[in-house]
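Please work through the exercises below with the sequence and the coordinates open side by side. Each task is followed by a solution that proceeds step by step.

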Amino acid sequence: MKTVNVHEAKTHLSRLLAEVEAGEEVVIARAGHPVARLVGTDPAARPRRELGPLRGRFTMPDDLDRWAQDEVAALFEGDDTAGGAR
């Protein structure tokens, strides 16, 4: 276990974090007295992210990319008659 003072910990925090990620523990001391211990976290403690939680709950229409394309084109072209009232 490595012991560093507060100034060194602030100056070399990135390096100390790399050492902690490698499995080492670091004690941070003030005036020679241990104040804190820097240890790595357990990667298994992170919540597992579920991909596709809505899979199977709804369907997308096959023509979704073409939906209302005439109305959208008319709006871009400045035609107020297409697409309904405003």
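The exercises that follow go from the overall fold to the sheet, one helix and the salt bridges.

The model is predicted, so local features are given only where pLDDT is at least 70 and side-chain atom pairs only at pLDDT 80 or more, whereas totals for chains, interfaces and linings use all residues. Residues are numbered from 1 along each chain as its sequence is written, and side-chain values use heavy atoms, with hydrogens and water left out.

**Exercise 1. The chain as a whole**

Task: Determine how many helices and strands the chain has, and what pattern the chain follows along the sequence.

Solution: Begin with the DSSP runs, where helices are H or I runs of at least four residues and strands are E runs of at least two, both numbered from the N terminus. By this count the chain has three helices and three strands, and reading along the sequence gives the pattern β-α-α-β-β-α. Next, take the cover of the residues, where buried means under 20% relative accessible area, exposed means over 50%, and partly exposed lies in between, with a 1.4 Å probe and protein chains only. Of the 86 residues in the chain, 12% are buried. Finally, turn to contacts, meaning heavy atoms within 4.5 Å: among those between residues at least 6 apart in sequence, 21% join residues at least 24 apart.

**Exercise 2. The sheet**

Task: Work out the order of the strands in the sheet, and find which strands form its edges.

Solution: Strands count as paired if DSSP finds at least two bridges between them. The three strands form an open sheet in the order 1-2-3, with mixed pairing. Strand 1 (2-5) and strand 3 are the edge strands, since each pairs on one side only. On average, neighbouring strands are turned by 35 degrees against each other, direction ignored, with axes taken as lines fitted to C-alpha atoms (for helices over the stretch in contact) and angles running from 0 to 180 degrees between N-to-C directions.

Now follow the antiparallel pair, in which strand 2 (residues 26-30) is joined to strand 3 by five bridges. Within this pair, isoleucine 28 has alanine 36 of strand 3 as its bridge partner, while alanine 29 stands opposite proline 34. The hairpin of strand 2 and strand 3 has two residues between the strands, and alanine 31 takes a positive phi near 55 degrees there. As a last step, check the cover of strand 3 (residues 33-38): none of its six residues is buried.

**Exercise 3. The two sides of helix 2**

Task: Identify which residues of helix 2 are buried, and which exposed residues are carried by the face turned away from them.

Solution: The buried residues in helix 2 are Leu16, Glu19 and Val20. These residues lie on the same side of helix 2, because they cover an arc of only 100 degrees around the axis, the arc being that of the directions from the helix axis to the C-beta atoms. They pack against strand 1, helix 1 (6-11), strand 2 and strand 3. On the face turned away from this buried side, helix 2 carries the exposed residues Ser14 and Glu21. Just after helix 2, glycine 23 takes a positive phi of about 110 degrees.

**Exercise 4. The salt bridges**

Task: State how many salt bridges the structure holds, and locate the partners of glutamate 19 and arginine 37.

Solution: Apply the criterion that a side-chain nitrogen of Lys or Arg lies within 4 Å of a carboxyl oxygen of Asp or Glu; the structure then holds five salt bridges. In one of them, glutamate 19 meets arginine 15 at 3.5 Å, N to O. Both residues lie in helix 2 (residues 13-21), four residues apart, which is about one turn of the helix. Glutamate 19 counts as buried at 18% relative accessibility, whereas arginine 15, at 36%, counts as partly exposed.

Arginine 37 meets glutamate 25 in a salt bridge, again with a distance of 3.5 Å, N to O. Because arginine 37 lies in strand 3 and glutamate 25 in the loop between helix 2 and strand 2, this pair ties together parts that are twelve residues apart in sequence. Arginine 37 is exposed, with a relative accessible area of 56%, and glutamate 25 is partly exposed, at 30%.

Aspartate 65 forms a salt bridge with arginine 66, with the closest N and O atoms 3.5 Å apart. To finish, trace the shared partners: salt bridges join Lys2, Glu8, Arg15 and Glu19 into one network.
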